[in-house]
Amino acid sequence: MSLLRLFGSGESKPNMPSRPGVCAALDLGSSKTVCFISKAEQTAEGPRPRIIGVGHQSARGMKGGVIVDLDLARKNIQETVQRAEKMAGVAVSQVSVALTAARTRGEGVTLESAIARSEITERDMRRLQDAAIAEFQRPDEVILHAIVVSWVVDGRDEVSDPRGMYGRKLAVNMHIVTAPVGPLRNLLNCIEGCHLDLRTVVAAPYAAGLSALSDDEIELGATLIDMGAETTSAAVFANGSLARLSAAPVGGRHVTSDLARGLQTPIASAERIKILYGSALESPSDDRQMIEVPPVTGEGDRMNSAPRSMLNSIIRPRLEETFELLRDRLDISGRLDQNHRVVLTGAAAQLPGAKELAARIFGRPARLAIPHGLSGLGDAVSGPGFSVVSGIILRETRGAAEAFYGPPKLQAGRPRRRLQTSPSRPATVWRWLAESF
């Protein structure tokens, strides 16, 4: 089975962008803000996105993937989108945005219903999906994704597509991803302040998995670990769909802070030393290799030095803690399959030795992944740090096969702002968020 379980045919999608074939994606990370603008190209295998505009710069107004200063974040987004628009030669009116997994949670839902006729129709399937979504209500939370994992006919046969089959009862197993309304409301305000409409909100590790994992990994099972600056998140895929989300509030910036304290050097210098000399692996020559360490400002101009073994002894425990936190949380969920492989992505995953350490802690093979499935990516924006924004583009271009497809856009020009929904989506899911505006 291929990505068709995650991606639809792309023939019909709600909230199509104002300019056909063009879509814009935003990754609001703690260290950088990235905007990709793509144009769909028709190929023999279906629509393939080509990146025509890129904007990225250091993040401002964000911390831990959450907006902490609306004015700074708004200005940061405007500048980033304008850079991408200038490169693409087009203006965009809608953007799709990633939301860190630290602010999301997923839960499995099963609902069964009797079939009026013995033959199962698409209408029966849609009605059951909508009923499951309508019944899934959590205080102060909003649904981002409702993904069908499998269908069950008469309590026995688990199938991927029951249309045309015969049975008396039909059940659907779904994975529903929700987010607290507070961060979403701030995000909506921020995007609207940039004179943009919010097309969809996508859970960051889910998006990263769509661009970093192969078809076989999604079908056979894989744990995608997205290592960011302040959050490391995980998405477990199995049987062609998303099965679990989790996150740990630790990232590459924490490694840098540990180095700055341990080596008594400025944070900027610690980041440079980490990139040039850092590793989570031990080497026989580490004790002999000395590294120049700039002193903390105000301590004079004399350069200090430290063995590389000291540097690596600071990095390794922090990475071990990060992977162990994720492993334990995934174990609690019951979703950690020892046959799954581990796939690392994100800027912090490029640290030498990270994949070897992950393989040891999870007890499974691990690899470092970069985005795939897009054309037009330059070398500077094709690394693991751009997997999330690339995954959003892929999802928007191909069309996600989800019962619920992101948040509705804002309706501008009214004193009391209301959220629109497509005819296929239950308005009740977003009702209280709309009423709170």
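Okay, a bit of vocabulary before we start: Ala, Val, Leu, Ile, Met, Phe, Trp, Tyr, Cys and Pro count as nonpolar here, Asp, Glu, Lys and Arg as charged, and the others, Gly among them, as polar. Hold on to that for a minute. And please keep in mind that what you see is a predicted model.

So, the overall picture. We have 437 residues, and 54% of them are buried. The protein has 11 helices and 19 strands. If you take the contacts with a separation of 6 or more, 68% of them are between residues 24 or more positions apart. As for the outside, the accessible surface is about 19,000 Å², and carbon and sulfur atoms own 49% of that.

Now for the holes. How many cavities of 30 Å³ or more are there? The count is three. The largest cavity holds about 70 Å³ of space. Around it you'll find Leu28, Met62, Gly65, Val66, Ile67, Val97, Ala98, Leu99, Pro183 and Leu187. Strand S5, at 66-67, strand S6, at 94-99, and helix H3, at 181-193, each put two or more residues into that lining. Which element gives the largest share? That's S6, with three residues. And here's where the vocabulary comes in: the lining splits into nine nonpolar residues, one polar and no charged. The polar one is Gly65, because Gly is counted among the polar residues.

Let's stay with one of those lining residues, Val97. It sits in strand S6. Is Val97 buried or exposed? Buried, because its relative accessible area is 0% and the cut-off for buried is under 20%. Leaving out neighbours within four places in sequence, Val97 is in contact with Leu26, Leu28, Leu187, Ile191, Leu198, Thr200, Val201, Val202 and Ile392. Take Leu28 from that list: Val97 and Leu28 are 69 residues apart along the chain, yet their C-alpha atoms are separated by 7.4 Å.

Next, cysteines, since somebody always asks. How many disulfides does a search of the whole structure find? Zero. Take Cys35: the nearest cysteine sulfur belongs to Cys23 and is 9.7 Å away, so Cys35 is in no disulfide, given that a pair has to be within 2.5 Å. Cys35 is also buried, at 0% relative accessible area. For Cys190, the nearest cysteine sulfur is that of Cys194, 5.1 Å away, and again there is no disulfide. Cys190 counts as buried too, with 0% relative accessibility.

Two more residues and I'm done. Leu213 is in the loop between helix H4, 204-212, and helix H5, 215-220. It's a loop residue, but Leu213 is buried, with a relative accessible area of 0%. Beyond its neighbours within four places in sequence, Leu213 is in contact with Ile218, Ala222, Leu224, Phe237, Val343, Arg367 and His372. The C-alpha atoms of Leu213 and Thr223, 10 residues apart along the chain, are separated by 9.4 Å.

And then there's Arg318, in helix H8, residues 308-333. Why does Arg318 count as buried? Because its relative accessibility is 18%, and buried means under 20%. Setting aside neighbours within four places in sequence, Arg318 is in contact with Val250, His254, Val255 and Asp258.

That's it from me.

Conventions: Residues numbered from 1 in each chain as written. Predicted model: local features only at pLDDT ≥ 70, side-chain atom pairs only at ≥ 80, totals over all residues. Heavy atoms only, no water. 1 Å grid on protein atoms, 1.4 Å probe; cavity = no way out; pocket = protein on both sides within 12 Å on 5 of 7 lines; lining within 4 Å. Points joined across faces, edges and corners; volume = space filled by probe spheres on them. Helix = DSSP H or I, 4+ residues; strand = E, 2+ residues; numbered from the N terminus. Buried < 20%, exposed > 50% of the residue type's maximum accessible area, 1.4 Å probe, protein only. Contact = heavy atoms within 4.5 Å. Areas by Shrake-Rupley, 256 points an atom, 1.4 Å probe, with all protein chains shown as cover.
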